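Please find below a colleague's note on this model, arranged as numbered points. The domains and the ligand are taken up before the cores and one helix.

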Amino acid sequence: MGMTEIQLVRRPSGVPTADLFAFVDIEPPSVQPGTALVENLLLSVDPYMRECMDDDWELNAGLEGRAIARVIESGTPDLAPGDIVFHRKSWRTHALVTPAESRKIEEIPGVPLSAHLGILGGTGLSAYVGLTRIATLQPGETIFITAAAGGVGTAAGRIAKLLGAGRVIGSTGTTEKAKYLTEEASFDAAFSYRSGSIGELLAEAAPDGIDVCFDNVGGEHLAAAIDVLRPRGRIAWCGAVSSYNHQAPVAPSNLFEIVGKELRLEGFLVREHLDARPELYDFLTPYLRSGEVISDETIVPGFDSMVETFLAMLRGENVGKMLVEL
Ligand SMILES: NC(=O)c1ccc[n+]([C@@H]2O[C@H](COP(=O)([O-])OP(=O)(O)OC[C@H]3O[C@@H](n4cnc5c(N)ncnc54)[C@H](OP(=O)(O)O)[C@@H]3O)[C@@H](O)[C@H]2O)c1
């Protein structure tokens with residue numbers, strides 16, 4: 001059995017390119033007592049990985065990332081061959097994991113495995129926590145979601161509607177993706193931020209203002225939201241993808257409006273809210289089983305496509321959660 005892993009060989013400056021990565025064939029690890037060998041089935045590509053390229057990821061070593069895998073050989077009674085597990089040794093075809101490093105996935109009939117990296121995974125959990133714990137979205141409220149056609153964004157839009165949001169507005173990078181949001185993903189209004197000034201487009205989509213902003217982008221998007229937020233509105237700040245390539249400032253210039261309108265801006269990290277996972281499962285599973293809600297996703301086949309798929313996600317070539325299927 002051969003095993004291949006992808007390593008980072010140089011650090012990026014600005015927009016990353018494929019030549020910063022190398023595919024390396026390595027000896028498959030042998031199964032020791034207390035470990036299991038898994039074959040990876042689905043790999044997640046995520047914006048935070050761009051930040052990891054700057055310093056967190058070691059050069060010329062295996063990389064971290066979320067994956068779903070099948071156990072093929074086991075040296076522990078806690079993991080049996082055939083078990084489906086979640087773990088964080090991605091960017092490779094196979095991995096050696098311990099029970100502590102993996103979590104068994106209970107498959108839900110009628111729900112694709114990929115949903116466990118999408119709306120039922122950390123992606124959906126980020127959306128759910130941002131809406132319920134951080135923004136405390138109330139029925140009837142108007143919400144603006146940025147990077148709305150991505151994994152977190154589509155999940156946030158669908159969950160906001162299920163929570164009773166009055167009007168859900170999204171921004172995204174193309175008019176095709178904006179159309180997807182209103183026609184397929186339960187958004188009431190959506191626009192491409194490339195079709196004009198974000199401030200004007202948002203003011204047009206939300207003539208009466210907004211109560212909540214779920215921000216994945218930062219910079220000009222966040223500034224536009226601050227401008228149209230009603231007094232005592234809330235911002236759940238989830239990410240700042242417009243600045244990860246260091247090409248745009250993160251902070252908006254109108255932060256002081258937060259004081260004048262008594263707004264609340266709160267950042268959050270989903271990893272500090274993993275206790276909400278059972279609540280998310282209970283909330284979403286009936287909708288997923290009935291087909292009322294789906295996990296929006298773009299799945300690219302083949303381990304060889306991993307680097308290009310990661311770069312394509314950063315360029316906005318995904319609708320929903322971007323995954324690679326081996
Ligand atoms: N706080 C947490 O714990 C947590 C957890 C998960 C994710 N996040 C954050 O949530 C956000 C979304 O993550 P995701 O995994 O769901 O990724 P995603 O939205 O599926 O993919 C990234 C998207 O970002 C958009 N984008 C790229 N460059 C942009 C720019 N310069 N300006 C505006 N949009 C840009 C692209 O869509 P367009 O076509 O719309 O440009 C792309 O599809 C990221 O900021 C991520 O860091 C935070």
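Between which domains does the shell around the ligand lie, and why?

1. Domain 1 (3–118 + 296–325) and domain 2 (122–271) both give residues to the shell around the ligand, so the shell lies between them; the domain bounds come from an automatic or database domain assignment. The model is a predicted one, in which local features need pLDDT of at least 70 and side-chain atom pairs count only at pLDDT 80 or more, whereas totals for chains, interfaces and linings use all residues. Residues are numbered from 1 along each chain as its sequence is written.

2. The shell holds 30 residues, of which Gly 150, Gly 151, Gly 173, Gly 239 and Gly 316 come nearest to the ligand (a residue is near a molecule if its C-beta atom, placed from the backbone, lies within 6 Å of it). Helices H2 (122–134), H3 (151–162) and H9 (306–315) each supply at least two residues of this shell, and the largest share, three residues, comes from H3. Helices here are DSSP runs of H or I with at least four residues, and strands are runs of E with at least two, numbered from the N terminus.

3. The C-alpha centres of domain 1 and domain 2 lie 29 Å apart. Their contact takes 15 residues from domain 1 and 17 residues from domain 2, two residues being in contact if their C-beta atoms, placed from the backbone, lie within 7 Å. On the side of domain 1 that touches domain 2, helix H1 (48–56) and strand S15 (321–325) each supply at least two residues.

4. The largest nonpolar core (buried Ala, Val, Leu, Ile, Met, Phe, Trp, Tyr and Cys residues joined through C-beta atoms within 7 Å) has 62 residues, and among those that touch the most other members are Leu 131, Ile 143 and Phe 214. H2 contributes the largest share of this core, six residues. Apart from this core lies another, of 30 residues, among them Ala 36, Met 306, Val 307 and Phe 310.

5. In helix H4 (residues 175–184), Lys 177, Ala 178, Tyr 180 and Leu 181 are buried (20 or more other C-beta atoms within 10 Å of a residue's own, against 12 or fewer for an exposed residue, with C-beta atoms placed from the backbone). Seen down the axis of H4, the buried residues fall within an arc of 155 degrees, so they line one face of the helix; the arc is that of the directions from the helix axis to the C-beta atoms. On the other side of H4, Glu 176 and Glu 183 are exposed.
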